[in-house]
Amino acid sequence: MKRENIKFTSGKQYVEKDTLRESDFDWKGDKNKILGIQYNVKSYSPKDVVAKFNNIKFRTMEFMVNKEKDLMLVNAVAKVNEKEIKNLISDLNKKFGTEPEIVDEEMGGFIKYTIYSWKNNNQIIKLATALKLDFSNPHNIVSEKDKKFIQDVEKDNIEESVLFICNPKYESELKGKLYSGNWIKFK
């Protein structure tokens, strides 16, 4: 990947620009074929806000455009609590007029991630979130003391949610084919 750094005038955020090639999606892909550009908007402090959706403030945002500069996919990361996530889900249910489809549920250690999806003709919104730890696996025997320690260690991971906004035209091209960072949760 070819990377460039672009600074905002405020000095609080910066953008990394990556050229995405076919080989970034498939190891057998053509290293010379450019599929698009990825922009990573980041801040120097986790308290800085780079984007806002409803009442949720996001601290990082990444987006992909194709060679023609059509927006393909956006992801934004926020630290939110269970109440804020439930409010966001409720707001999205109202906006789309339907309950979300649960696309995936997976375990990562003791964290159970759920990926919700809402669709219409204009956009696809997916929300990857982990609202709580799951100690129910019978193969993992954990004492109450260890559970408390694990909860303290994993607190930041539980509160981190990723919101995706996808152009429906590109969903099949991208879904399940992104293998790094937050993109991996786009399923």
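Tutor: A contact means that heavy atoms lie within 4.5 Å. The model is predicted, so local features need pLDDT of at least 70, side-chain atom pairs count only at pLDDT 80 or more, and totals for chains, interfaces and linings use all residues. Residues are numbered from 1 along each chain as its sequence is written, and side-chain values use heavy atoms, with hydrogens and water left out.

Student: Among contacts in the chain between residues at least 6 apart in sequence, what percentage join residues at least 24 apart?

Tutor: The contacts considered here are those between residues at least 6 apart in sequence. Of these, the share that joins residues at least 24 apart is 49%.

Student: On which side of helix 2 are the buried residues?

Tutor: Helices (H or I, at least four residues) and strands (E, at least two) are DSSP runs, numbered from the N terminus. In helix 2, Ile85, Leu88, Ile89, Leu92, Asn93 and Phe96 are buried (under 20% relative accessible area, with a 1.4 Å probe and protein chains only). Because they cover an arc of only 140° around the axis, by the directions from the helix axis to the C-beta atoms, they lie on the same side of helix 2.

Student: Which residues are exposed on the other side of helix 2?

Tutor: Exposed means over 50% relative accessible area, and partly exposed lies in between. On the other side of helix 2, the exposed residues are Lys83 and Lys94.

Student: Which residue follows helix 2?

Tutor: Helix 2 covers residues 82-96. The residue after helix 2 has a positive phi, near 70°, and is Gly97.

Definitions and conventions:
Expected span 1.5 Å × (residues − 1).
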